[in-house]
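Reader: I've got the sequence and the fold open side by side. Can you walk me through what's there, one question at a time?

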Amino acid sequence: MNQATEAELEEISNEAQSLVNVFWEEVKSKRESNEFSGSLGLRVRRIRNSIQIVWYENKWYGTGNKKRMFSKQIQKGKGYMYSPDKFKKMQQWERDAVGVLEEKFGQLRKRIEVLGRIRRQVSAYKQIKN
């Protein structure tokens, strides 16, 4: 069972990363056409037996050579999807991208949660059995 859940988790991770790559290709396209103005970022993280799909906001501080970028994760809140309210300050193209991608990410987050439950139940079963 562990191999099966691990394979599923890997599949979810690959699906999520493909979607993240779509977002970053859009960012790249906007930059190349000089249309880019935005502060939104997106990443997938594999943490132990789970996956995080998180949006973050980049902000620049300082001036000249001392200018630094800091990223702050946007809190998702309850449920499987980020609320559109979390992105009110973002550019329209960013809000549009979030709307499309969050539909897909919500489904992936549900799958991640179910796999976590399966792992915990299998572990509990093994403890009882032994």
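Author: Happy to, and one term before we dig in: helices here are DSSP runs of H or I with at least four residues, numbered from the N terminus. Also keep in mind that this is a predicted model.

Reader: Then how confident is the predictor, taken as a mean pLDDT over the protein?

Author: The confidence scale runs from 0 to 100. On that scale, 98% of the residues reach 70 or more, and the mean pLDDT of the protein is 92.

Reader: Which element has the highest mean pLDDT, and which the lowest?

Author: At the top is E1, with a mean of 95. At the bottom, with a mean of 91, is strand E3, residues 68-73.

Reader: In what order do the strands sit in the sheet?

Author: Three strands make up an open sheet, and their pairing is antiparallel. E1 and E3 each have a single partner strand, so they stand at the edges with one side lacking a neighbour in the sheet. Neighbouring strands are turned by 35° against each other on average, direction ignored. The order is E1-E2-E3.

Reader: How many bridges join E1 and E2?

Author: These two strands pair in the antiparallel sense. One pair to look for is Gly41 with its bridge partner in E2, Tyr56. The number of bridges between E1 and E2 is eight.

Reader: And how many bridges are there between E2 and E3?

Author: This pairing is antiparallel too. If you want a spot to zoom in on, Lys59 stands opposite Phe70 in E3. The number of bridges between E2 and E3 is six.

Reader: What phi does Arg48 have?

Author: Find the loop between strand E1 (40-47) and strand E2 (50-61), and you'll find Arg48 there. E1 and E2 form a hairpin with two residues between them. The cut-off for exposed is over 50%, so Arg48, with a relative accessible area of 74%, is exposed. Although Arg48 is not a glycine, its phi is positive, at about 50°.

Reader: Which residue has a positive phi in the turn between E2 and E3?

Author: E2 and E3 form a hairpin with six residues between them. In that turn, the residue with a positive phi, about 95°, is Gly62.

Reader: At what angle does H2 run to E2?

Author: Both helices have a place against the strands: H1 lies across E1 and E2, running at about 165° to E1. H2 lies across E1 and E2 as well, and its angle to E2 is about 150°.

Reader: Which element gives the most residues to the largest nonpolar core?

Author: That core has 26 residues, and those with the most contacts inside it include Phe23, Leu42, Trp55 and Phe105. The elements giving two or more residues to this core are H1, E1, E2 and H2. The one that gives the most, with eight residues, is H2.

Reader: What does Trp55 touch, leaving aside its neighbours within four places in sequence?

Author: Its contacts include Gly41, Gln73, Ile74, Tyr82 and Val98. Trp55 is also one of the residues with the most contacts inside the largest nonpolar core. Others with the most contacts in that core are Phe23, Leu40, Leu42, Phe87 and Phe105, and Trp55's contacts include Phe23, Leu40, Leu42, Phe87 and Phe105.

Reader: How many salt bridges does the structure hold, and which parts does the one between Glu11 and Arg111 tie together?

Author: The structure holds nine salt bridges. The side chains of Glu11 and Arg111 meet in one of them, at 3.4 Å from N to O. Glu11 lies in helix H1 (residues 2-32) and Arg111 in helix H2 (residues 92-129), so this pair ties together parts 100 residues apart in sequence, namely H1 and H2.

Reader: Are Glu102 and Arg109 buried or exposed?

Author: Their side chains meet in a salt bridge, at 2.7 Å from N to O. The cut-off for this label is under 20% relative accessible area. Both Glu102 and Arg109 are buried.

Reader: How many residues apart are Glu113 and Arg117 in helix H2?

Author: The side chains of Glu113 and Arg117 meet in a salt bridge, at 2.8 Å from N to O. Glu113 is partly exposed at 34% relative accessibility, and Arg117 is partly exposed at 40%. Both lie in helix H2, about one turn of the helix from each other, and the spacing in residues is four.

Reader: Which residues do shared salt-bridge partners join into one network?

Author: Here the salt bridges share partners, which joins the residues into one network. Its members are Glu6, Glu10, Arg46 and Arg119.

Definitions and conventions. Residues are numbered from 1 along each chain as its sequence is written. This is a predicted model: local features need pLDDT of at least 70, side-chain atom pairs count only at pLDDT 80 or more; totals for chains, interfaces and linings use all residues. Side-chain values use heavy atoms; hydrogens and water are left out. Buried means under 20% relative accessible area, exposed over 50%, partly exposed in between (1.4 Å probe, protein chains only). A salt bridge is a side-chain nitrogen of Lys or Arg within 4 Å of a carboxyl oxygen of Asp or Glu. A nonpolar core is a set of buried Ala, Val, Leu, Ile, Met, Phe, Trp, Tyr and Cys residues joined through side-chain atoms within 4.5 Å. Contact means heavy atoms within 4.5 Å. Two strands pair if DSSP finds at least two bridges between them. Axes are lines fitted to C-alpha atoms, for helices over the stretch in contact, and angles run from 0 to 180 degrees between N-to-C directions.
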